[in-house]
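Let's take a walk through this protein together, from a few striking side chains out to the whole fold. Keep the structure open beside you as you read.

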Amino acid sequence: MALTPRDREKFLSEPHIGALAIAAGPDRGPLTVPIWYDYVPGGELWLLTGPQSKKMTLLRAAGRFSLMAERLEPTVRYVTAEGPVTRIVPADDALHEAMVRRYLPEDQVAGYLKFAETLGEQAAVYMRPEHWLSADLGDLSEL
């Protein structure tokens, strides 16, 4: 069963690992990679990546991307949002820390942020969802 707009936006706002998909060019399937993301219902979805990364190169060329988030429990549910890149900005420490706090327990945040310094510069890529696909398949253990 498809989710209501409110339910799909609420689900996407939860800290799931996303599957980022970006067109990779002629005769290629999309580049699809796991990624952390953030989303506030009604707003823009955003993620972090290196400004010189393969992801960024493809994002700039395609000008849009899809992100799918899923879970298996308590019911099998997924949401896919697709839309245009609305802006790309350098990521400052506060933005990076906000993303890390979304996904990691407090006692792991400082260690991860220290590790992240070795990754180099990051950029935030924003997208306004235009197209949605969602479903809740229920509790498959009851089948």
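## Charges over rings

Start with Arg-87, which sits over the face of Tyr-126, 3.7 Å from the centre of the ring. This is a predicted model, so keep in mind that everything here is computed. There is another arrangement of this kind to look for: Arg-102 lies over the face of Tyr-37, at 5.0 Å from the ring centre.

Arg-102 also has a partner in Asp-38, since the side chains of these two residues make a polar contact of 3.2 Å. Asp-38 belongs to strand β3. Is Asp-38 buried or exposed? Its relative accessible area is 17%, and the cut-off for buried is under 20%, so Asp-38 counts as buried. Setting aside residues up to four places away in sequence, Asp-38 touches Glu-44, Leu-45, Trp-46, Met-99 and Arg-102.

## A cluster of aromatic rings

How many aromatic pairs does a search of the whole structure find? The count is five. One of them brings together Trp-36 and Tyr-103: their ring centres are 4.8 Å apart and their planes meet at 5°, so this pair is stacked. Trp-36 is in the loop between β2 (31-35) and β3 (37-39), while Tyr-103 is in helix α3 (residues 93-103), so the pair ties together parts that are 67 residues apart in sequence. Tyr-103 is buried, at 15% relative accessible area, whereas Trp-36 is partly exposed, at 22%.

Trp-36 has another ring partner, Tyr-112, and here the pair is tilted, with 5.2 Å from centre to centre and 40° between the planes. Because Tyr-112 lies in helix α4 (residues 106-116) and Trp-36 in the loop between β2 and β3, this pair ties together parts 76 residues apart in sequence. Tyr-112 is partly exposed, with a relative accessible area of 24%. Put the ring pairs together and you get a cluster made of Trp-36, Tyr-103, Tyr-112 and Phe-115.

## A buried aspartate

Now head to strand β8 (residues 131-138), where you'll find Asp-136. With a relative accessible area of 16%, Asp-136 is buried. What does its side chain reach? A polar contact of 2.7 Å joins the side chain of Asp-136 to that of Arg-77. The side chain of Asp-136 also reaches the backbone nitrogen of Gly-138, at 2.9 Å.

If you ignore neighbours within four places in sequence, the contacts of Asp-136 are Met-1, Leu-3, Arg-71, Thr-75, Val-76 and Arg-77. Try picking out Met-1 and Arg-77 in the viewer, as both are on that list.

## Two backbone oddities

Time to look at the backbone. As a rule of thumb, most residues other than glycine have a negative phi, and most peptide bonds are trans. Two spots here are worth checking against that.

The peptide bond from Glu-73 to Pro-74 is cis, with omega near 5°. You'll find Pro-74 in the loop between β5 (64-71) and β6 (76-90). Then there's Asp-27, which has a positive phi of about 60° even though it is not a glycine. Asp-27 is in the loop between β1 (18-22) and β2, and at 83% relative accessibility it counts as exposed.

## Zooming out

So what does the whole protein look like? Its secondary structure comes to four helices and eight strands. Followed along the sequence, they come in the order α-β-β-β-β-α-β-β-α-α-β-β. The C-alpha trace spans about 45 × 45 × 25 Å along its principal axes. A compact globule of 143 residues would have a radius of gyration near 15 Å, and the protein has 16 Å, which agrees.

Buried residues make up 39% of the 143 residues. Contacts across the sequence are a big part of the picture too: among contacts between residues at least 6 apart in sequence, 71% join residues at least 24 apart.

## What the record says

The UniProt record, an unreviewed entry, places the feature "domain: Pyridoxamine 5'-phosphate oxidase N-terminal" at residues 9-132. In the model, the span of residues 9-132 is 29% helix and 39% strand. How far apart are the end C-alpha atoms of residues 9-132? They lie 10 Å apart.

Conventions:
Residues are numbered from 1 along each chain as its sequence is written. This is a predicted model: local features need pLDDT of at least 70, side-chain atom pairs count only at pLDDT 80 or more; totals for chains, interfaces and linings use all residues. Side-chain values use heavy atoms; hydrogens and water are left out. UniProt positions are given in the numbering used here, feature names are shortened, and annotations may be inferred rather than shown by experiment. Helices (H or I, at least four residues) and strands (E, at least two) are DSSP runs, numbered from the N terminus. Buried means under 20% relative accessible area, exposed over 50%, partly exposed in between (1.4 Å probe, protein chains only). A polar contact is a pair of N or O atoms within 3.5 Å; within protein, one must be able to donate a hydrogen and the other to accept it, and residues adjacent in sequence count only if both atoms are side-chain atoms. Contact means heavy atoms within 4.5 Å. Rings of Phe, Tyr and Trp (its six-membered ring) pair if their centres lie within 6.5 Å; planes under 30 degrees apart count as stacked, over 60 as edge-to-face and the rest as tilted. A charge sits over a ring if NZ of Lys or CZ of Arg is within 6 Å of the ring centre and within 35 degrees of the ring normal. The radius of gyration is taken over C-alpha atoms; the globule rule is 2.2 Å times the number of residues to the power 0.38.
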